[in-house]
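Q: Please take a close look at one part of the structure shown below and describe it in a connected way. A careful account of the surroundings would also be welcome.

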Amino acid sequence: TFLLPVASLPQERKPESGSSCMAEGTIGETIQVHLLVLRCQVGDERAFSKLYDLFNKKTLAYLQGMLGNDALDVQQDLWLSVYRGIRSIGNPHAFRTWLFRSTRRKAIDFLRNAKREREWLDDVSIDELDVSTEDDSKYEDIDIASLDVALAAIPPPQREVLLLRYRDDLSYNEIALVLECPIGTVRTRLHYAKRRLQKLLK
């Protein structure tokens, strides 16, 4: 049985400006992840340890953004679930999206048990607004690494999309899969997040 190295779990580190923390980046790394997932699916525990090393800092940063000091406990539970469920992935290339979606579900479950899920799920009032004709280009230069204080003032559903897009470098399609919502909802939340951030920074 794979033993998760709890003592080595990292604290949140701030990404360098302009870096792409969550993106697999190179073609070589994408192939590496694909092969590691295949090896995990046939019971290779060393492959799982390598996969954990590649992604555990990323899932922890995501959980800390949603849960704060409770992130470490959920991180432990998440990776045990990943270990048990990785064989269910039909397309190893989709591992990253599957992992983020699993991470989010674990966080929402924790919030629900703590009766705090409404702070993340109550975003219906803006989800249906049409922002397709508005120009977002003036909001594009965002340095997430230096915006911790301002980000804390943004509603959680909008902050989540902003971080997934600019810190973690996910595409709109990937974010929609992670959040299990329409791409239009992603665009709307991101638009309002960027607009609110600009106001906070004035």
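Where is Glu180 found?

A: Glu180 is found in the loop between H9 and H10, where helices (H or I, at least four residues) and strands (E, at least two) are DSSP runs numbered from the N terminus. The model is a predicted one, in which local features need pLDDT of at least 70 and side-chain atom pairs count only at pLDDT 80 or more, whereas totals for chains, interfaces and linings use all residues. Residues are numbered from 1 along each chain as its sequence is written, and side-chain values use heavy atoms, with hydrogens and water left out.

The backbone at Glu180 deserves attention, given that most residues other than glycine have a negative phi. Glu180 has a positive phi of about 55 degrees, although it is not a glycine. With a relative accessibility of 48%, Glu180 counts as partly exposed, a class that lies between buried (under 20% relative accessible area) and exposed (over 50%), as computed with a 1.4 Å probe on protein chains only.

The side chain of Glu180 meets that of Arg105 in a salt bridge, with an N to O distance of 2.4 Å; the term requires a side-chain nitrogen of Lys or Arg within 4 Å of a carboxyl oxygen of Asp or Glu. This pair links distant parts of the chain, with Arg105 in helix H4 and Glu180 in the loop between H9 and helix H10 (183-201), 75 residues apart. Arg105 is itself partly exposed, at a relative accessible area of 41%. The residue that follows in numbering, Cys181, is buried at 18% relative accessibility, and Cys40 is also buried, at 6%. A search of the whole structure finds zero disulfides, the term being used for a pair of cysteine sulfur atoms within 2.5 Å.

The structure holds seven salt bridges, and another of them involves H4. The side chains of Lys106 and Asp77 meet at 3.1 Å, N to O; Lys106 lies in helix H4 (residues 95-113) and Asp77 in helix H3 (residues 71-85), so this pair ties together parts that are 29 residues apart in sequence. Asp77 counts as partly exposed, with 36% relative accessibility.

The two helices on either side of the Glu180 loop can be described together. The axes of H9 and H10 come within 9 Å and cross at roughly 105 degrees, where axes are lines fitted to C-alpha atoms, for helices over the stretch in contact, and angles run from 0 to 180 degrees between N-to-C directions. H9 is therefore roughly perpendicular to H10, on a scale in which angles under 35 degrees count as roughly parallel, over 145 as roughly antiparallel, 65 to 115 as roughly perpendicular and the rest as oblique. Tyr172, Asn173, Ile175, Ala176 and Leu179 of H9 make the contact with Ile183, Val186, Arg187, Arg189 and Leu190 of H10, contact meaning heavy atoms within 4.5 Å. Sorted by class, the contact of H9 with H10 has seven nonpolar, one polar and two charged residues; here Ala, Val, Leu, Ile, Met, Phe, Trp, Tyr, Cys and Pro count as nonpolar, Asp, Glu, Lys and Arg as charged, and the others, Gly among them, as polar.

Within helix H9 (residues 172-179) lies Glu174, which counts as buried at 18% relative accessibility. Apart from neighbours within four places in sequence, Glu174 is in contact with Arg96, Thr97 and Asp169. Asp169 belongs to the loop between helix H8 (156-166) and H9, and is partly exposed, with a relative accessible area of 38%. Like Glu180, Asp169 is a residue other than glycine with a positive phi, of about 65 degrees. A further salt bridge joins the side chains of Arg167 and Asp168 at 2.8 Å, N to O, and both of these residues are buried.

As for the wider setting, the protein chain has 10 helices and zero strands. Buried residues make up 47% of its 202 residues. Of the contacts in the chain with a separation of 6 or more, 71% come from residues 24 or more positions apart.
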